[in-house]
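Biologist: Could you look closely at one lysine–aspartate pairing in this model, and then follow the connections outwards from there into the rest of the chain? I would like to know where the partners sit and what their surroundings look like.

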Amino acid sequence: MQKDHYASGAPGTPRIRHRRRSNEIPFEISKSNGSHLLVNDHNKYKSMWIRAYSSLWMLGGFSFIIYLGHLYIWAMIVVIQLIMVMELFQLLRRTHEDRHLPGFRLLNWHFFFTAMLFVYGRILSQQLVNTVTSEKFLYRLVSGLIKYQMVICYFLYIAGFMWFILTLKKKMYKYQFGQYAWTHMILIVVFTQSAFTVANIFEGIFWFLLPASLIVINDIAAYVFGFFFGRTPLIKLSPKKTWEGFIGASIATMISAFVFANILGRFQWLTCPRKDLSTGWLHCDPGPQFKSEYYSLPGWISQWFPWKEISVLPVQWHALCLGLFASIIAPFGGFFASGFKRAFKIKDFGGSIPGHGGFTDRMDCQMVMAVFAYIYLQSFVVSQDYSVEMILDQISRSLSFEEQQALYIRLGQFFQEKHFRLS
């Protein structure tokens with residue numbers, strides 16, 4: 001009698017066969033991966049060329065979208081969000097259980113689009129208002145939607161909550177509640193980082209492009225240094241990561257941050273904030289962070305090189321802080337993802353990018369970096385004083401059109417009285 005490896009230990013219980021997914025790794029292989037360094041991998045050149053080819057395609061598409069501007073970058077973020085959510089939803093999904101729960105997947109997407117409406121409605125409300133100010137009807141409609149946006153999102157969520165309760169089935173409670181919790185965790189993780197990413201984009205493409213580029217540079221440099229010099233394992237969660245790759249990537253990222261910030265900071269298309277949802281070309285005062293400061297070089301340097309002074313943008317010093325974070329802290333997002341994949345015994349989150357895995361595999365460090373970039377920008381770069389734009393933003397959000405007219409008249413009277421007193 002042939003031995004069944006899939007039979008459960010308890011007598012009389014039905015045998016259950018689990019079909020392995022394409023991205024799942026056998027236990028024996030995953031167990032032996034702990035000492036498998038990239039420098040000893042016999043197939044490393046093949047995987048390197050596959051990885052390089054797909055990277056060039058991604059770089060070309062990404063550069064084209066950056067050229068198109070803020071609105072198209074936001075659309076790209078939404079598409080990446082959608083793919084990441086699909087990959088993560090698939091992790092804990094079971095075909096047998098889903099067959100007995102018609103409409104349960106639709107409930108997951110209901111929560112997804114509710115979260116999208118809430119997050120982007122809060123972030124892009126002012127840009128939306130500024131886009132429709134010329135049309136009185138649209139202005140009133142959009143202003144009303146923004147005013148009651150939180151109420152709308154709340155009742156959409158409550159509708160999903162009631163939908164979930166009404167679809168609970170006996171003997172499926174554990175699976176359904178597990179999917180409910182998993183859905184909320186995915187939405188929190190994905191929408192938290194994407195919300196900060198979109199906020200950075202509309203503060204200026206520079207604040208999106210530089211942090212994202214530093215993560216890519218760090219990842220490529222770690223791969224190259226580990227490919228040729230890696231000998232010392234860095235962490236057990238990622239067996240192919242080495243100390244040589246980590247240190248070499250950190251140095252390369254810090255240098256790239258300082259140089260790359262100087263290059264990007266000289267283009268107004270990248271530095272100007274976007275105040276509406278249009279796609280027109282931008283012109284603005286670059287601000288003090290993007291105005292050159294000149295530093296004289298020591299005499300012994302001038303003897304060997306033709307330069308007597310160098311031009312440095314103040315934002316380059318901020319770029320060093322971003323580079324330091326991208327080198328030391330952000331890789332832990334990748335380590336977290338590696339541990340997560342080992343817990344589920346899968347190699348990659350998906351297979352949509354040849355040589356890289358899924359989009360979630362590429363976004364693990366970007367999630368950590370996007371949040372830090374936003375916090376750093378708001379804490380150390382953006383002025384915390386009240387500006388005319390901030391006050392106008394509050395007026396347009398909080399006051400109706402009639403109240404704004406009344407405020408205009410009151411301000412006129414105020415300035416007339418002040419002028420009369422001074423004269």
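**A salt bridge and its surroundings**

Modeller: Lys 341 has a relative accessible area of 12% and is therefore buried, the cut-off for that class being under 20%. This comes from a predicted model, in which side-chain atom pairs are counted only at pLDDT 80 or more. The partner of Lys 341 is Asp 361, and the two side chains meet in a salt bridge with an N to O distance of 2.8 Å. Because Asp 361 belongs to helix 16 (residues 359–381) whereas Lys 341 belongs to helix 15 (residues 331–343), the pair ties together parts of the chain that are 20 residues apart in sequence. Asp 361 is buried as well, since its relative accessible area is 2%. Side chains of opposite charge can pair when their charged atoms come close.

Helix 16, which carries the aspartate, also packs against helix 3 (residues 70–91), the two axes coming within 9 Å and crossing at roughly 110°. The two helices are therefore roughly perpendicular to each other, and their crossing is left-handed. On the side of helix 3 the contact is made by Ile 80, Ile 83, Met 84, Glu 87 and Leu 88, while helix 16 contributes Phe 359, Thr 360, Met 363 and Met 367.

To set the first pairing in context, the structure holds four salt bridges, and two others can be laid beside it. Arg 274 bridges to Asp 276, the closest N and O atoms being 3.6 Å apart. In that pair Arg 274 is buried, with a relative accessible area of 4%, whereas Asp 276, at 22%, counts as partly exposed. Lys 291 and Asp 285 form a salt bridge with 3.5 Å from N to O. There Lys 291 is partly exposed at 42% relative accessibility, and Asp 285 is exposed because its relative accessible area of 57% lies over the 50% cut-off.

Charged groups are one way in which side chains meet here, and rings are another, for the structure holds 36 aromatic pairs. In one of them the ring centres of Phe 112 and Phe 113 are 5.0 Å apart and the planes stand at 80°, so the pair is edge-to-face. These neighbours differ in their surroundings, since Phe 112 is buried with a relative accessible area of 0%, while Phe 113 counts as partly exposed at 48%. In another pair, that of Phe 258 and Trp 317, the ring centres are 5.4 Å apart and the planes are at 55°, so the arrangement is tilted. This pair links distant parts of the chain, because Phe 258 sits in helix 11 (residues 243–264) and Trp 317 in helix 14 (residues 315–328), 59 residues apart. Both rings belong to partly exposed residues, with relative accessible areas of 24% for Phe 258 and 42% for Trp 317. Phe 112 and Phe 113 also belong to a cluster linked by ring pairs, together with Trp 74, Phe 89, Trp 109, Tyr 120 and Phe 191.

Helix 11, where Phe 258 is found, packs in turn against helix 10 (residues 206–229) at an angle of about 145°, with the axes 8 Å apart. The crossing of helix 10 and helix 11 is right-handed, in contrast to the left-handed crossing of helix 3 and helix 16. Among the residues that meet there are Leu 209, Leu 210, Leu 214, Ile 217 and Phe 225 of helix 10, and Gly 245, Gly 248, Ala 249, Ala 252 and Phe 260 of helix 11.

Towards the end of the walk comes Phe 401, which is placed in helix 18 (residues 401–422) and counts as partly exposed at 36% relative accessibility. From C-alpha to C-alpha, Phe 401 is 8.3 Å in space from Arg 140, although 261 residues separate them in sequence.

Seen as a whole, the chain comes to 18 helices and four strands, and buried residues make up 38% of its 423 residues. Among contacts between residues at least 6 apart in sequence, 73% join residues at least 24 apart. The bridge between Lys 341 and Asp 361, which spans 20 residues of sequence, is thus a connection between two buried side chains in a helical part of the chain that also meets helix 3.

Key: Residues numbered from 1 in each chain as written. Predicted model: local features only at pLDDT ≥ 70, side-chain atom pairs only at ≥ 80, totals over all residues. Heavy atoms only, no water. Phe/Tyr/Trp six-rings, centres within 6.5 Å; stacked < 30°, edge-to-face > 60°. Buried < 20%, exposed > 50% of the residue type's maximum accessible area, 1.4 Å probe, protein only. Axes fitted to C-alpha atoms, helices over the stretch in contact; angles between N-to-C directions. Parallel < 35°, antiparallel > 145°, perpendicular 65-115°, else oblique. Left-handed = near helix turned anticlockwise from the far one by under 90°. Contact = heavy atoms within 4.5 Å.
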